[in-house]
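Hi there,

Here is the structure I promised to pass on. Please have it open while you read the notes underneath.

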Amino acid sequence: KNDNMTKLEPQDDAAHVTWGGSWRMPSNDEWEELITNCDGELLLQNGVSGVLLTSKRNGNTLFLPLLNYWSSSLYTREIRFALTIATYSGFGRTLRTSKLPIRPVCP
């Protein structure tokens with residue numbers, strides 16, 4: 001049954017449940033904003049393949065291993081899916097029962 005939700009509630013957000021406070025999973029829009037406002041460089045760091053994102057605004061960097069990451073945004077056409085970002089191929093959707101890593105944020 002579709003409940004018309006577009007975003008996880010705090011009690012369903014793994015980052016919030018695990019770390020508490022203001023920690024949460026980023027939305028699909030936040031992932032897109034990060035990708036749009038950063039330059040990416042594929043590299044090997046400490047033996048881990050990943051992408052180094054460098055902000056076009058302030059030069060800050062973030063290293064993300066080459067994985068799929070959850071967003072807190074739900075795929076509204078099919079409730080079994082949530083939106084994801086793959087550091088190697090872009091945006092997509094994945095079954096919500098899949099075990100993917102998260103990259104928590106704290107605004």
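What follows is a short tour of what turned up. Please keep in mind that this is a predicted model.

Let me start with the inside. The largest nonpolar core has seven residues: W31, C38, V51, L53, L64, Y69 and I85. Y69 is a good one to click on. Leaving out its neighbours within four places in sequence, Y69 is in contact with fellow core members W31, L64 and I85, and also with T84, T87, P101, I102 and R103. Another core lies apart from that one; it has six residues, including A15, M25, L74 and A82.

Next, strand 4, which covers residues 68-74 and includes N68. Setting aside residues up to four places away in sequence, N68 touches I85, A86, Y88, T94, L100 and P101. If you would like a distance to check in your viewer, the C-alpha atoms of N68 and T97 are 14 Å apart, with the two positions 29 residues apart along the chain.

Two of those partners of N68, T94 and Y88, are worth a visit of their own. T94 is part of strand 6. Is T94 buried or exposed? With a relative accessible area of 15%, T94 falls under the 20% limit, so it counts as buried. Its side chain makes a polar contact of 3.4 Å with the side chain of T84. Beyond residues up to four places away in sequence, T94 touches N68, W70, R80, F81, A82, T84 and L100.

Y88 gives the opposite picture. This tyrosine sits in the loop that links strand 5 (81-86) to strand 6 (90-95). Its relative accessible area is 52%, and the limit for exposed is over 50%, which is why Y88 is classed as exposed. Together with L42 and L66, Y88 forms a nonpolar patch on the surface, and the three have about 320 Å² of accessible area together.

Now for the charged pairs. How many salt bridges does a search of the whole structure find? There are two. In one, R24 pairs with E30, and the closest N and O atoms are 2.6 Å apart. R24 is partly exposed at 21% relative accessibility, and E30 is partly exposed as well, at 29%. The other salt bridge joins E78 to R80, with 3.1 Å between the closest N and O atoms. E78 is partly exposed, with 29% relative accessibility.

R24 also comes up towards the other end of the numbering. P107 lies in the segment after strand 6 and is exposed, at 75% relative accessible area. Not counting residues up to four places away in sequence, P107 touches S22 and R24. P107 and R24 are 83 residues apart along the chain, yet their C-alpha atoms are separated by 8.7 Å.

One last stop is a backbone detail. Most residues other than glycine have a negative phi. N46, however, has a positive phi, near 50°. This asparagine is in the loop between strand 1 (38-45) and strand 2 (48-55), and N46 is exposed, with a relative accessible area of 77%.

Happy browsing, and do write back if anything here is unclear.

Best wishes

Technical notes: Residues are numbered from 1 along each chain as its sequence is written. This is a predicted model: local features need pLDDT of at least 70, side-chain atom pairs count only at pLDDT 80 or more; totals for chains, interfaces and linings use all residues. Side-chain values use heavy atoms; hydrogens and water are left out. A nonpolar core is a set of buried Ala, Val, Leu, Ile, Met, Phe, Trp, Tyr and Cys residues joined through side-chain atoms within 4.5 Å. Buried means under 20% relative accessible area, exposed over 50%, partly exposed in between (1.4 Å probe, protein chains only). Contact means heavy atoms within 4.5 Å. Patches are made of residues with over 30% relative accessible area and no salt bridge: like charges are joined within 9 Å, nonpolar side chains (Val, Leu, Ile, Met, Phe, Trp, Tyr) within 5 Å. Accessible areas come from the Shrake-Rupley method with a 1.4 Å probe; for residues, only the protein chains shown count as cover. A salt bridge is a side-chain nitrogen of Lys or Arg within 4 Å of a carboxyl oxygen of Asp or Glu. Helices (H or I, at least four residues) and strands (E, at least two) are DSSP runs, numbered from the N terminus. A polar contact is a pair of N or O atoms within 3.5 Å; within protein, one must be able to donate a hydrogen and the other to accept it, and residues adjacent in sequence count only if both atoms are side-chain atoms.
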